[in-house]
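This briefing goes through selected features of the structure shown below. Keep the sequence and the 3D view at hand while reading.

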Amino acid sequence: MHPTPVDVLWILIASALVFVMRLGFAMLESGLVRSKNSINVSAKVLTDLGVALIAFWVVGFGIMFGTSWKGLWGTNDFLLDFGSLWTSLFFLFHAMFASTGATIVSGAVAERIRFSSYLLITLLFAAVIYPVLGHWVWGGSLTGTTVGWLGKLGFRDFAGSTVVHSTGGWVSLAVILILGPRQGHYNQDGSVNRVTGAGLQTSIFGTILLWFGWFGFNGGSTLALNDQVPAIILKTSFSGAAGMLTALFLGWRLRGYPDVSLLINGALAGLVGATASAPWISTGSSLIVGAISALVMLALEYLLDRWRIDDAVTAIPVHLGAGIWGTLAVGLFGDPHLLDTGLNWEQQTLIQLLGILACGAWAFGVTWGVAFVVNRFRRFRVTSADEAAGLNVIEHKASTELYDLFRTLEEQSRSGDLNLRAPVEPFTEVGQIASQYNKVMDRLQENLVAKADYLSILNNVHEGLFLIDSGGRIGPFYSSVLEEFLGSVPLAGANFAQVLSPLVNPAVMEPWKDFHDVLFNSQIDEQAVARLNPLRQVELWTNNAPGSGTTRHARFQFRRLTENGQVVRVMVILRDVSSEIELQKNLETQKTERESEMELFYRILHIAPELLVDFLAGFDQKSRQINLLMEAGQHTPQDVLKHTFRVLHGLKGEASLLDLPFLVSSIHDIENEIQALEHKPDLQNSDFLSLALKLGRFQETGRELSQLVQKLRNFQTNIAQADVKASHGLVSALEGLAQRTAGKLGKMVSLKTSLNFEGTLAREDLSFWQEILAQLVKNAIVHGIELPEERLRHGKNKVGQITLTAEVHDHYVVRAKDDGQGIDLEGLKKKALEKGYDPQTVAHWSRSDVVRFLFTGGVSTAPTITEDAGRGVGLSFVSSRLSERGGRIAVSFHKGHYLEFVLTLPQRR
Amino acid sequence: MTEGELKFFIDVVTEYFEQITGESAGMGIPYIKSEEPAVLSFTGLIGISGPRKGAIYFTAEKALLSSLTREILDLVDPDDDSLLDMVGELTNTIAGNVRKSFGADFLISVPMLIKGKPTDILMRLKPPVFIVPILWRKEKAFLAVGLE
């Protein structure tokens, strides 16, 4: 063969156009599958070009166009050496065909086949299935002869309705049957879940590109730019147009809208249908062929879905269905003269049918057999998880921003982690969606945090806190303590009145309905609402087991929540005020008890204590007598009454004697009760209840009286003890004072006391004597008792002795004596001279005058002023305090031996 | 303590006997107890707190309780635990009725069941303590009420 340069150029252009169909397929398929698989589908379309090209060169071309062995397959031209222009052109054109056929499979099996499985199928297709079939139909065309067995029989397939498209369809069908449908594609009831493709507009662009490529696919199959080419291209296009419109309008009628997928598949079916017959049919026939191609496509699509054969891009109805029809159309519509097979139309049609069957048997049989065997060792299909994740990432680690967004959402829905945020790809739609989604999540998280805080408050607050709406229903959120009050029935959404009714007195709930209307009437002010509140304070049963249940006092408060001036909800605050109420009652009880005790106290105040004690002892004894009489159960009720009456009557006499009218009256009342019972016909034990209670109250009064008397006695004893303690305290205080004072002066002293004040010393007298005795003790130590060495020198015990005695008769007689140096008369005279006394007068002072001087103010023989002595006011103070109360003081002393003060004071009356 | 309250407690017990056994119980002459407690072998006590303080107890001998248990549970020879349960059941009935008929003034404790004769039981009751003998099928029990 020696092509003209124009033919060469046309074949090159046609090859390029067929190549462009690959781009069309890539766009068509990636637009029809989900975005998670779009990259995978496109990658397969690109990859099968490489695989098919090499495989076709290595073996495919030789099998298809090599020297024929019995019309079945070629036997040479493997690893073809492109020695001539024609061979190169021919190879180029058919290599494009081979790879195009393989590409048909990629769409049908999309979204679940392993990438490696697909490569195997592509290799099988380009190296074996397609070349063998091509040999049967087109074998020898390299050299312008017909050597294939089908070709020799007169089978005609101009550009490959069967050889390329049906073969691709058969292979697809076999692989799909091995793979099975995509997850979730078919429902239990047989209905189909249509996939929302990644982008139908991309598919439309792909379809347009395919149509454009078909100019080369069919137009180039003449392998020369002759006068047939434009008509072939036109009839192909007419068929495509007829197919498209048929599918469009029929689908519109059936589905109610112009389905884009039918537009695409209708056009492609029409193009496939005309591929076998374009040069041999009329223009009008091309329209019919195209229209019927679309009908076949629709019918097969319907059947495949019914049989649950899942073809991802409707490749089988388009390529196999329309391919079979197009091949038959050669016999039905082809001009026998133009076909030049020597067969009439019936014979031609039968031969065409034979070719179709042979093609199906070969392509389907080989593919299914190989796929079945291989699938046993290594599954053709990806795992469910991988299928769900999508093959872009699983097979190619190729993510899309949409996929990333999806993964984030999926992870979030799985984990519930609200901190997750979607990746934001700037300047993309998905990025904007992700950005908005993240904002929504931010707000949601803020709200949830706020809600968590709110719930935390509700869980920890001590009051029952909840909202009710205008229908009286409790809101979805309420404080957890509310269940303690109202029980743990589901409170959210429950009617408040219905929940409360079993827990309160029915009368409480009667005004509720009216109050509810008041609550939601915005015209009524808050104060009126508070005033009308029937649940201001109610007694609330707790829903515990019988016996251990308790009641509480609860206080309900209502706060109205308004929107646009209308009350939309009411906040209810429920407080347990049981302890408050109990405290109040306790206080009242205590007050009553105190009052009754005081009353009793006034009533017995006039009675001599010993008489009262004797009476109470008798009261107690007689009460027991009555109790034992009734308890014994040995007497008839009449006897019991008689005895009781007698005992009580005696007690009444004693009470009268003591002038205790309240007891007399109480006994009299009981006597009346007894007399009434005595005269009661058919006396029952239950009639004694009233008597028992009266006796109980009477005895209780006696008990209270005894307690009161006991309290008074305790009080008296405590007072007496307090005086003894005070006296003991005085002695111990004087002892401490003596030792402290002596210690400071380096003296040694022993204090002996005999203060017989106990029981007689009034509290103010105690204070008086404390002051006096303290002065006398200090005076004795400072001025009387000598230093130990001096005492030893004078033959005395080194420890000075102070003796304090007190006696009470008509007078207090208090003596304070020390064994010190006595009074230094000469020393005192000197002191008087120092103070400016007249020397002559002083010279004539008697012993008594000197002693009197001692009691005037400012006289001290101490050399210095200390805390204890030196100011000379001590004895003066003692003297004046005694004089104030009519007392006297006598002094006796013996110089160097002792000094004694004797104080006498009349006792107060 | 009012006559009505005391009568209420007595009626709960006597009606219990009538309801369960069909044979009503009678009451003896009520009296006041201040020293030795009137306690028999099995006792159920309900403590009452709140504004009204004190306690109520029902006490019975084995014979009465055995007879009652036989009547209710169809047990021929009930053990001591069953008898104690019986006292518990009766005490619960008293407590349940008290709860129903009196308000929050009676905060009722979980009934306490006692076997034997504790000496300090009167400590729990507030004087004056009323003892009501309960007579049923010639057996005697006591209901003691000591409430402020």
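**Loop residues with unusual backbone angles**

Asn564(A) is exposed, because only 6 other C-beta atoms lie within 10 Å and a residue with 12 or fewer counts as exposed. The model is predicted, and its values are computed from that prediction. The points below begin with this residue and then turn to sheets, helices, cores and the contact between chains.

- Asn564(A) lies in the loop that links E6 and E7 of chain A.
- Its phi is positive, about 50°, although Asn564(A) is not a glycine.
- Most residues other than glycine have a negative phi, and most peptide bonds are trans.
- Lys70(A) is another residue other than glycine with a positive phi, near 55°.
- The loop that holds Lys70(A) runs between strand E1 (68-69) and strand E2 (73-74) of chain A.
- Is Lys70(A) buried or exposed? Lys70(A) has 7 other C-beta atoms within 10 Å, so it is exposed.
- In chain B, the peptide bond between Pro127(B) and Pro128(B) is cis, with an omega of about 0°.
- Pro128(B) sits in the loop between helix H4 (121-124) and strand E7 (129-136) of chain B.

**Strand E3 of chain A and its partners**

- In a regular strand the side chains alternate between the two faces of the sheet.
- Strand E3 (residues 464-469) of chain A shows this alternation: Gly464(A), Phe466(A) and Ile468(A) point to one face and are buried.
- Leu465(A), Leu467(A) and Asp469(A) point to the other face of E3(A) and are not buried.
- Six bridges pair E3(A) with strand E7 (residues 566-576) of chain A in the antiparallel sense.
- E3(A) is also joined to strand E4 (residues 474-478) of chain A by two bridges, and these two strands run antiparallel.
- Ile468(A) has a bridge partner in each of these strands: Val570(A) in E7(A) and Ile474(A) in E4(A).
- E3(A) and E4(A) make a hairpin with four residues between them.
- Gly472(A), in the turn of this hairpin, has a positive phi of about 80°.

**A five-strand sheet in chain A**

- What is the order of the five strands in this open sheet? The order is E8-E9-E10-E12-E11 (chain A), and the pairing is mixed.
- Strand E8 (749-755) and strand E11 (888-894) of chain A each have a single partner strand, so they stand at the edges and one side of each has no neighbour in the sheet.
- On average, neighbouring strands of this sheet are turned by 10° against each other, direction ignored.
- E8(A) pairs with strand E9 (residues 800-808) of chain A in the parallel sense over seven bridges.
- Within this pair, Thr753(A) stands opposite Leu804(A) of E9(A).
- Helix H33 (residues 874-884) of chain A lies across E11 and strand E12 (898-906) of chain A, and runs at about 145° to E11(A).

**Helix packing and cores**

- Helix H3 (residues 85-108) and helix H6 (residues 161-179) of chain A have axes that come within 8 Å and cross at roughly 35°.
- The crossing of H3(A) and H6(A) is right-handed.
- Residues that make the contact include Phe97(A), Ile104(A) and Val105(A) of H3(A), and Val171(A), Val175(A) and Ile176(A) of H6(A).
- The residues of this contact divide into eight nonpolar, seven polar and no charged.
- The largest nonpolar core has 127 residues, of which Ala126(A) and Val175(A) touch the most other members.
- Beyond its neighbours within four places in sequence, Val175(A) is in contact with Val105(A), Val109(A), Ile121(A), Thr367(A) and Ala371(A).
- A second, separate core has 69 residues, among them Leu6(B), Val129(B), Ala141(B) and Leu147(B).

**A residue of helix H1 in chain B**

- Thr21(B) belongs to helix H1 (residues 3-21) of chain B.
- With 16 other C-beta atoms within 10 Å, Thr21(B) is partly exposed.
- Thr21(B) and Ile72(B) are 51 residues apart in sequence, and their C-alpha atoms are 7.5 Å apart in space.
- Not counting residues up to four places away in sequence, Thr21(B) touches Leu68(B) and Glu71(B).

**Where chain A touches chain B**

- In this contact, 31 residues of chain A meet 27 residues of chain B.
- Elements of chain A that each supply at least two residues to its side include strand E6 (551-563), helix H23 (578-604) and helix H27 (688-745).
- H27(A) gives the most to this side, with 10 residues.
- The residues on the chain A side divide into nine nonpolar, 15 polar and seven charged.

Terms used:
Residues numbered from 1 in each chain as written. Chains lettered and ligands numbered in written order. Predicted model: local features only at pLDDT ≥ 70, side-chain atom pairs only at ≥ 80, totals over all residues. Pairing = 2+ DSSP bridges. Axes fitted to C-alpha atoms, helices over the stretch in contact; angles between N-to-C directions. Contact = placed C-beta atoms within 7 Å. Nonpolar A, V, L, I, M, F, W, Y, C, P; charged D, E, K, R; others polar. Core = buried A, V, L, I, M, F, W, Y, C linked by C-beta atoms within 7 Å. Buried ≥ 20, exposed ≤ 12 C-beta atoms within 10 Å, placed from the backbone. Left-handed = near helix turned anticlockwise from the far one by under 90°.
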